[in-house]
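Thanks for making time this morning. I would like to walk you through one chain, so please have the sequence and the structure open while I talk.

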Amino acid sequence: MNIKTIIIDDEPLAVSLLEKYVSETPNFELLSTFLNPIEAIEFIQNNDVDLVFLDIQMPELSGINFMKIVGDKVKYILTTAYSEFALEGYEHNVIDYLLKPITISRFQKGIEKAKERFASVQESEKNYFFIKSSGQQHKILFDDILYIESIKDYVNIKTQNQEYIVLDTLKSMEEKLPDSLFCRVHKSYILNLNHIKSVDSKSVLLISDTEIPIGESFKINFLKKLK
């Protein structure tokens with residue numbers, strides 16, 4: 001994980017200190033520093049930036065207004081000499097709040113919070129999971145799954161090329177799958193929305209020509225997802 005970072009502060013000494021801290025921190029890539037926040041807005045619009053060390057009190061544009069303009073495209077660690085701004089800052093996509101003068105120990109605590117936040121995002125963006133079947137660990141891509149069927153104490157994970165029988169529950173499988181891609185349509189079935197061929201009032205036909213029944217208690221949620 002390499003976190004791309006910029007520093008924005010109208011005080012050159014504050015920029016130099018943070019630049020030193022960031023340069024000594026593994027897995028953090030300092031892309032640029034800015035004394036003028038308006039110049040930083042253009043940089044963010046044209047480059048991939050993950051994290052901004054942002055001073056709140058700046059004459060050209062306050063840090064709070066900067067976040068309102070840039071929005072949630074990036075995450076922030078706020079820096080300021082005024083503790084009263086902390087609460088307002090946390091209404092935005094803020095990881096931590098560092099009170100000046102920033103010590104290395106306090107900086108490192110903020111860095112650990114950032115690492116945890118980005119690791120969590122990275123985990124949620126995974127496109128696969130591992131299952132144990134027939135004594136082996138198998139990597140299953142979400143996109144390859146057609147449907148998952150509950151069979152007593154087991155589930156059958158049916159992919160485009162193979163099927164895997166796993167000792168697990170459908171509820172547990174549902175928690176491992178991205179909600180945007182999968183939907184439980186029956187007490188015994190979860191299906192991949194991208195593999196639907198057609199739908200009628202009682203069943204779903206997948207591109208594999210497999211027909212999956214729609215349970216009445218799951219129908220409303222399923223139809224909402226289709227829309």
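Let me start with a group of charged side chains: in this predicted model, D9, E11, D55 and K100 are linked in a network of salt bridges. Within that network, the side chains of D9 and K100 meet with 2.7 Å between N and O. What does this pair tie together? D9 sits in the loop between strand 1, residues 3–8, and helix 1, residues 12–23, while K100 sits in the loop between strand 5 and helix 5, residues 104–124, so the contact ties together parts that are 91 residues apart in sequence. Both D9 and K100 are buried.

The chain has 14 salt bridges by the rule applied here, and two others are worth setting beside that one. In helix 7, which covers residues 216–226, E216 and K219 lie three residues apart, about one turn of the helix, and their side chains form a salt bridge with N and O at 3.1 Å. Are these two residues buried or exposed? E216 counts as exposed because its relative accessibility is 62%, whereas K219, at 18%, counts as buried. The other example is K158 with E163, where the closest N and O atoms are 4.0 Å apart; here K158 is partly exposed, with a relative accessible area of 25%, and E163, at 43%, is partly exposed as well.

Now to the sheet. Five strands form an open sheet, in the order 2-1-3-4-5, and the pairing is parallel. Strand 2, residues 28–34, and strand 5, residues 94–99, are the edge strands, each of them pairing on one side only. From one strand to the next, the twist averages 20°. If you look at strand 3, residues 51–55, beside strand 4, residues 75–80, you will find five bridges between them in the parallel sense, and the bridge partner of V52 in strand 4 is Y76.

V52 and Y76 come up again when we turn to the nonpolar interior. The largest nonpolar core has 22 residues, and those that touch the most other members are I6, I8, V52, L54, F66 and Y76. Which elements give two or more residues to this core? They are strand 1, helix 2 (37–46), strand 3, helix 3 (63–70), strand 4 and strand 5. F66 is a useful residue to centre your view on: leaving aside its neighbours within four places in sequence, F66 is in contact with I8, P37, A40, I41, I44, L54, L61 and Y76. Apart from this core lies another, of 17 residues, and Y21, V22, F28 and L98 are among them.

Let me finish with the chain as a whole, which has seven helices and 15 strands. Its radius of gyration is 24 Å, well over the 17 Å that the globule rule gives for 227 residues, so the chain is more spread out than a compact globule. Taken along the principal axes, the C-alpha atoms fill a box of roughly 65 × 40 × 30 Å. Of the 227 residues, 44% count as buried, and among contacts between residues at least 6 apart in sequence, 49% join residues at least 24 apart. The pair I began with, D9 and K100, has its two partners 91 residues apart in sequence, and I would be glad to go back to that part of the model on screen.

How values were computed: Residues numbered from 1 in each chain as written. Predicted model: local features only at pLDDT ≥ 70, side-chain atom pairs only at ≥ 80, totals over all residues. Heavy atoms only, no water. Pairing = 2+ DSSP bridges. Helix = DSSP H or I, 4+ residues; strand = E, 2+ residues; numbered from the N terminus. Axes fitted to C-alpha atoms, helices over the stretch in contact; angles between N-to-C directions. Buried < 20%, exposed > 50% of the residue type's maximum accessible area, 1.4 Å probe, protein only. Core = buried A, V, L, I, M, F, W, Y, C linked by side-chain atoms within 4.5 Å. Contact = heavy atoms within 4.5 Å. Rg over C-alpha atoms; globule rule 2.2 N^0.38 Å.
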